[in-house]
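This report looks at one protein model, from its overall make-up down to some single residues. Please keep the sequence and the 3D view at hand while reading.

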Amino acid sequence: MSKRSLAVCVLVCALVGVTANAAPPTPQEDEARIEELMLAESTAAPPPAPAMTPAAASLSADPVATDAPVIAAVAPPPSSGNEDWLVTHPQDEGLAFAELGKRIGSRVAITTTNQREHRGTIVAANAREVTLSVRRSGGNATYTLRKEQISRIATF
């Protein structure tokens, strides 16, 4: 008997007891009743199997198809010294800081030395710093990054 049907039985028994104005059963009576229900369920005949469709019948007649569990594992590819199957993206150097002055109005992604990426439009640039306009919710933010703060510059 499942826990759910057991809970329903106990609830029904409790409701029947309340409506009959009888005293509630003692815990020992509850246990005895639950054990009776569990025993009755375990000795009851299993429900009849549903009728098989022709496709299911053909599968059950197949000697290869059994009820045994199938255990499958995916093996990793053999490793080799030359990993040709991996797709790699070439690491380009990006833009040089000196080129930023020629690219005012261009969209760039600047990665700082603390690995933060800033994507925006170049507003101004000189030999020491670059000023970006970055879109934020509610408008644009403008900030300046010094040359020594920048580790990589890429266009997009």
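## A loop residue

Is Q115 buried or exposed? Q115 counts as exposed, because its relative accessibility is 62%, and over 50% is the cut-off for that class. The model is a predicted one.

Q115 sits in the loop that runs between β1 (107–112) and β2 (117–125). Its backbone has a positive phi of about 65°, although Q115 is not a glycine. Most residues other than glycine have a negative phi.

## Overall make-up

The protein contains three helices and five strands. Along the sequence they follow the pattern α-α-α-β-β-β-β-β.

Of the 156 residues in the protein, buried ones make up 13%. The exposed area of the protein is about 12600 Å², and 59% of it is supplied by carbon and sulfur atoms. Taking contacts between residues at least 6 apart in sequence, 42% join residues at least 24 apart.

## Two buried strand residues

T111 belongs to strand β1. T111 is classed as buried because its relative accessible area is 15%, and the cut-off for buried is under 20%. Neighbours within four places in sequence aside, T111 is in contact with R116, E117, I150, S151 and R152.

S133 is part of strand β3, which covers residues 129–136. With a relative accessible area of 16%, S133 is buried too. Which residues does S133 contact, leaving aside its neighbours within four places in sequence? They are G120, T121, V123, N140, A141 and T142.

## Helix α2 and its charges

Helix α2 spans residues 27–43, and D30 lies in this helix. D30 is partly exposed, with a relative accessible area of 33%. Together with E29, E31 and E35, D30 forms a negative surface patch. Residues enter such a patch only if their relative accessible area is over 30% and they have no salt bridge, so D30, at 33%, passes the area cut-off.

Helix α2 also holds a pair of opposite charges, R33 and E36. Their side chains meet in a salt bridge, at 3.4 Å from N to O. Why are R33 and E36 separated by about one helical turn? The reason is that they are three residues apart in helix α2. R33 is partly exposed at 38% relative accessibility, and E36 is partly exposed with a relative accessible area of 47%.

## Other salt bridges

Side chains of opposite charge can pair when their charged atoms come close. How many salt bridges does the count come to? The count comes to four.

One of them joins the side chains of R119 and E117, at 3.0 Å from N to O. R119 is partly exposed, its relative accessible area being 43%. E117 also counts as partly exposed, at 46% relative accessibility. E117 is among the residues in contact with the buried T111.

Another salt bridge links E148 with R146, where the closest N and O atoms are 3.0 Å apart. E148 is exposed, with a relative accessible area of 55%, whereas R146 counts as partly exposed at 43% relative accessibility.

Methods. Residues numbered from 1 in each chain as written. Predicted model: local features only at pLDDT ≥ 70, side-chain atom pairs only at ≥ 80, totals over all residues. Heavy atoms only, no water. Helix = DSSP H or I, 4+ residues; strand = E, 2+ residues; numbered from the N terminus. Buried < 20%, exposed > 50% of the residue type's maximum accessible area, 1.4 Å probe, protein only. Contact = heavy atoms within 4.5 Å. Areas by Shrake-Rupley, 256 points an atom, 1.4 Å probe, with all protein chains shown as cover. Patch = residues over 30% accessible without salt bridge, like charges linked within 9 Å, V, L, I, M, F, W, Y side chains within 5 Å. Lys, Arg positive; Asp, Glu negative; His and termini not counted. Charge placed at Lys NZ, Arg CZ, Asp CG, Glu CD.
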